[in-house]
Amino acid sequence: MGKKKQKVVLPPDLPPEISEDEIEISDEDLEFVKENRDYAGFVSRLDTQSITKHVTRVADVKEGALEAIYEKRLQKKSVVKENEESGVKLDPVDALPVKTLDGKLYYRALPKKVNGEDENKAGEDEKDDGADKGIVKLTKPERRAKLKKIKKEAKKQGKELTETKEAEQAPQAAVLAEVKKDLTAEEAFESKKHKLAELGIALLADPESNIKSLKEMLQIARDDNPSIAKLGFLSLLAVFKDIIPGYRIRLPTEKELEMKVSKDVKKMRFHESTLLSTYKGYLQKLIASEKQFAFHQVVVRCICNLLDSVPHFNCRESLLEVVVRNLASHDDVVRKLCYTTIKSLFTNEGKHGGEATVEAVRLIAYHVKANNCQLHPDFVEVLMSLSFDEDLRRAEVQDRDNKAKHKKNKIKNVKEPSKLQENDRKKSKKELMAKTREEVSADYKSVSLAPDVMEKIKMQSETISAVFETYFRILKHTMISTAASASEAHPLLAPCLNGLGKFSHLVDLDYIGDLMNYLKKLAGGGSSQDNSSQKCSENLTVSERLRCCIVAFKVMRNNLDALNVDLQDFFVQLYNLVLEYRPGRDQGEVLVEALKIMLCDDRQHDMQKAAAFVKRLATFSLSIGSAESMAALVTLKNLLQKNVKCRNLLENDAGGGSVSGSIAIYQPYATDPNLSGALASVLWELNLLSKHYHPAISTMASGISNMNTAQNQIYHTLSPQQAFMEFSLERESFNPKGDIRKSNNKRKRANESSILAGIDSTSDTSNSINEDEVSKKLSKHFTVLHNIKENERLRGELDRVTLSLNLYEEYKKQKKAGRTKIKKNKI
């Protein structure tokens, strides 16, 4: 038998390559595959071995045979394409396919119909009989591609329809979306609010078992909605104030954690660790939110409440830093909150044992140094609420004495023989009772939270040093800035001087000399050749200079035993500042306090100095308000009562007073009261003051002028401060009545009658006012005032220009003189 030809079975053709961008899978296909997953299981059951065998068998065939087979297939495809071009291909959706014996599908194609015009153009070769019918064959990839194109077009049409519908319904949808958002936000807010309330109630009821709820509350407080976050901050504040213990929490070390402990100890450790970690997270969130404007006031309120209620607990340093920093805040509400919190810390030291006071004072000193003394006055004013216990040293000495006596008694008991009789037994019982009491008191001291006397003394000394460091830094900065003639404000100088006046008895004696020199320079009391004192007096206000004088007198009186200071310069400054005082500009309380401390409280003054102040106060009371003039008259009366010889000023002798002293002529413009020669003058100002519009001042002036020269005088009990306060309160309600006096002059009466007659005639002739004339007069008055102000401004500018020109000419002269000196030296 001859050999049969080996039949070559080629693998099926691969589908045409299609890019992934063109492949689109519809939602219906996906749903169909998901629903019929069981029918796709045949893919997993394919016989891969037979497929590989077929591929290897085809791979063994020669290359020439495969090329011949591929060429035949290409010829068939070309024939099919020609048939397709000759006929009209039907849509596979509209026409049913025809299956051949080979198992392939064919679609029938209709012949093209050619019009008459087309026949003439195309020629006879393109004529068709119309009877032939061709059959077009479509492969699976072509059908898939065509179906995908149809689906794409349908999708595009659907998208266009939906876009048009959405464009029509766009405004309604936006409104509905906003309403839905608002509803959901309100629902979320209400739900979180109820959640916070439930968690807070559960924590307050049983904190140990529900301690995990703190983390949930902290998570709600970290919400993006500011209203929810504020509610979370406030609710956590209320919970922490209630559940924080009365001691600082110390977490266990690694060695302590390794040890075996009971269940109660484990529960307590877990409770304390969760409480402390949540508290730290809460404080970190508060400090991070403080810089945001929406949370600033709420955060500061929470921090102030925590520091005020639990100053003994952990993380006190971070709370103090925030509160002290906000003492200089521009917001009045925040600044007042921080001020009251620090003040309560200073006054209620039993809550923290004095440690928070030391830390707060150190922070205040640090901020004053860092900000170059340019802070709000409340920053230093809060130090006035500090209180120092002066009996601590006495208690320390007593403790030492008691311990020494106890040691001596012990030594005696050891040396004596142990003969216990009845009396000795009673004594031994008493000693045992005393020992037990001492042991109990020692145990109580060790257990109690109150610090020891030595610790109190140490903390108090640290606080005093920090306070005076701040005060001296402010004085030094003021001296430097005023000496440099810088137009810089000194907001901390007034509270610094008030604090120095209050705590002057605590200043170390080594620094009192420097303090008095500073005060003398700031008050402007240096010598005439000292330029720094003159610059200080020019740059500081009258009230600040008067405060310097007051502080100097307080320091001198509190340390009278250890000081020997001449205060004559401060009297000179007071003598000059009385005339520089202006009621609307300067503070009357400071002036009255200076008069009381420097003039009324002193026992005896020099006769020349007392007379000078009497004369200066009398002239001062003529040109100021009723409150200041009453205080000045009270001081004047006090000086006259203490210095009998000065009452000669009330006499009206020829050529002045009866006792003129070393200076025979009164010099009102003298700067030194000892050189004014006031004893050579007369108090004629009292005659004018007796006609004052205020009845109290007139009666006081007349009483002083009628004072006799006898030595048996009753001292006036009213102080200048009391008089000032009483009359300043009466100033608003006081309405002076005009003193209408009858004139006997006939000419005056005639003039008055003529004026009245003219007014009546004008009223009869014209009842209406001419508005044009009034407007003209007002415009003239306005132009006059405007010209006066312009002239003042121009004069000021001219003075400045002339001063600068004079300085420039002096500079030129000095420069020329220097050049000539250099030339002479060279020669």
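Colleague: Hi! Before we start, what is a nonpolar core?

Modeller: A nonpolar core is a set of buried Ala, Val, Leu, Ile, Met, Phe, Trp, Tyr and Cys residues joined through side-chain atoms within 4.5 Å. Keep in mind that this is a predicted model.

Colleague: Okay, so how many residues are in the largest nonpolar core here?

Modeller: It has 145 residues, and Tyr279 and Tyr282 have the most contacts inside it. Helix α21, residues 542–558, gives the largest share of this core, ten residues.

Colleague: What does Tyr279 touch, leaving aside its neighbours within four places in sequence?

Modeller: Its contacts include Phe240, Ile244, Leu306, Val310 and Phe313. Asn314, Cys315 and Leu319 are also among them.

Colleague: New topic: helix α19. Which of its residues are buried?

Modeller: They are Ile512, Leu515, Met516, Leu519 and Leu522. These residues lie on the same side of α19, because they cover an arc of only 130 degrees around the axis.

Colleague: Why would residues three or four places apart point the same way?

Modeller: Because an α-helix has 3.6 residues a turn.

Colleague: Nice. And what comes after α19?

Modeller: Gly524 follows, with a positive phi near 80 degrees.

Colleague: Now Asp606: where is it, and is it buried or partly exposed?

Modeller: Asp606 is in the loop between α23 (588–600) and α24 (607–620). It counts as partly exposed, because its relative accessibility is 43%.

Colleague: Last one: what is the mean pLDDT of the chain?

Modeller: The mean is 76, and 67% of the residues reach 70 or more. Over residues 113–135, though, the pLDDT is below 50. Residues 738–768 also have a pLDDT below 50, and beyond near neighbours in sequence that stretch has three contacts in the model.

Terms used. Residues numbered from 1 in each chain as written. Heavy atoms only, no water. pLDDT = per-residue confidence, 0-100. Contact = heavy atoms within 4.5 Å. Helix = DSSP H or I, 4+ residues; strand = E, 2+ residues; numbered from the N terminus. Buried < 20%, exposed > 50% of the residue type's maximum accessible area, 1.4 Å probe, protein only. Arc of directions from axis to C-beta.
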